[in-house]
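Subject: Handover of a structure and summary of findings

Dear colleague,

Please find below the structure that I am passing on to you. My notes on what was found in it follow directly after.

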Amino acid sequence: MMLDMSDLRSIVTKVVIVSFSIAALMGIIALVGGGSFGGTEERVLLTTVIVGVESIAVLCYLAVSGRPLVYIGMVGGVASVVPFGIALVLAWGGYDGGDWLWRTFGIGLTVAASIAQVCLLLALAGHQRIGPGLLATLATITIIAAMIVLPIASDADRGDTYWRIFGVVAILDVLGTVILAAVRAFGPGRRNDGSTVLLTPATQARIIDAARLRGTSPEQVLSDALDVLLD
């Protein structure tokens, strides 16, 4: 039996929670276990941080699951594997790694973090049309990522003007993200003016169960039900 997107999202979420819980437990044991605080304990704590950051990133990618742009979250999940794996290798490998390894880590981390931010903004937008504000913020995220990757990939001096432009775009990025989050959380769109139908948890559960039995989406179940009712 094939898993639908909601089942896959539930499984991945549980894996993330269990994984970070185990890492957190290891970190606590390392801190309160007594004895000298040596290299092994440091690596355990560093691993806890690495797993925690990856867990947060995965949850960001899952925010767009079940949406038309779900492939962006999938790309982010694949991209995050690279810096996650390198970080573990550097933490437990006993060596600093070559220059190429650090460059790959920096580029992978930049791409993964940028996609995570994109997923969060798309999740905030919900099923609404991508407006000019969101589109502009997504553009700044892309520009920031490119301006970080370029110096990592090449040792060429970018000059003072380059970093001034970077600072301006970074400020616009933060500004756009804050405004979009604030409008989505506290704006008039949050009020139910009658154009939004609020379903009870019991009704939502019935719709989801019906969708699973039919092998379709909850939206399609509602659409089919309305067609039958109106006809």
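I begin with a charged pair in helix α6: Arg-164 and Asp-160 are 4 residues apart there, so about one helical turn separates them. Their side chains meet in a salt bridge, with an N to O distance of 2.4 Å. Both Arg-164 and Asp-160 are exposed. Please bear in mind throughout that this is a predicted model.

Overall organisation

The protein contains 8 helices and 0 strands, and along the sequence its pattern reads α-α-α-α-α-α-α-α. Of its 231 residues, 28% are buried. The accessible surface amounts to about 14,900 Å², and carbon and sulfur atoms account for 70% of that area. When contacts between residues at least 6 apart in sequence are considered, 63% of them join residues at least 24 apart.

Salt bridges

The search of the whole structure returned 3 salt bridges. In general terms, side chains of opposite charge can pair when their charged atoms come close. Besides the pair in α6 described above, Asp-99, Arg-103 and Asp-155 are linked in a network of salt bridges.

Within that network, Arg-103 is bridged to Asp-99, and the closest N and O atoms are 2.5 Å apart. These two residues lie 4 positions apart in helix α4 (residues 99-125), so they are separated by about one helical turn. The side chain of Arg-103 also meets that of Asp-155 in a salt bridge, at 2.7 Å from N to O. Here Arg-103 belongs to helix α4, whereas Asp-155 sits in the loop between α5 (132-153) and α6 (159-186); the pair therefore ties together parts that are 52 residues apart in sequence.

Are the two partners of this bridge buried or exposed? Arg-103 has a relative accessibility of 17% and so counts as buried, while Asp-155, at 66%, counts as exposed.

Packing of α7 and α8

Helix α7 (residues 201-214) packs with helix α8 (residues 218-230) at an angle of about 95 degrees, and their axes are 8 Å apart. The two helices are therefore roughly perpendicular. On the α7 side, the residues in contact are Ile-207, Ile-208, Ala-210, Ala-211 and Arg-214; on the α8 side they are Pro-218, Val-221 and Leu-222. By class, the residues of this contact comprise 7 nonpolar, no polar and 1 charged.

Two buried residues

Ala-79 is located in helix α3 (residues 70-92). Its relative accessibility is 17%, below the 20% limit, and it therefore counts as buried. Which residues does Ala-79 contact, leaving aside its neighbours within four places in sequence? They are Gly-108, Val-111 and Ala-112. For Ala-79 and Ala-112, which are 33 residues apart along the chain, the C-alpha atoms are separated by 5.5 Å.

Ser-55 is placed in helix α2 (residues 39-62). Ser-55 is likewise buried, with a relative accessible area of 10%. Not counting residues up to four places away in sequence, Ser-55 touches Val-16 and Phe-20.

With kind regards

Conventions
Residues numbered from 1 in each chain as written. Predicted model: local features only at pLDDT ≥ 70, side-chain atom pairs only at ≥ 80, totals over all residues. Heavy atoms only, no water. Buried < 20%, exposed > 50% of the residue type's maximum accessible area, 1.4 Å probe, protein only. Contact = heavy atoms within 4.5 Å. Areas by Shrake-Rupley, 256 points an atom, 1.4 Å probe, with all protein chains shown as cover. Axes fitted to C-alpha atoms, helices over the stretch in contact; angles between N-to-C directions. Parallel < 35°, antiparallel > 145°, perpendicular 65-115°, else oblique. Nonpolar A, V, L, I, M, F, W, Y, C, P; charged D, E, K, R; others polar. Salt bridge = Lys/Arg side-chain N within 4 Å of Asp/Glu carboxyl O.
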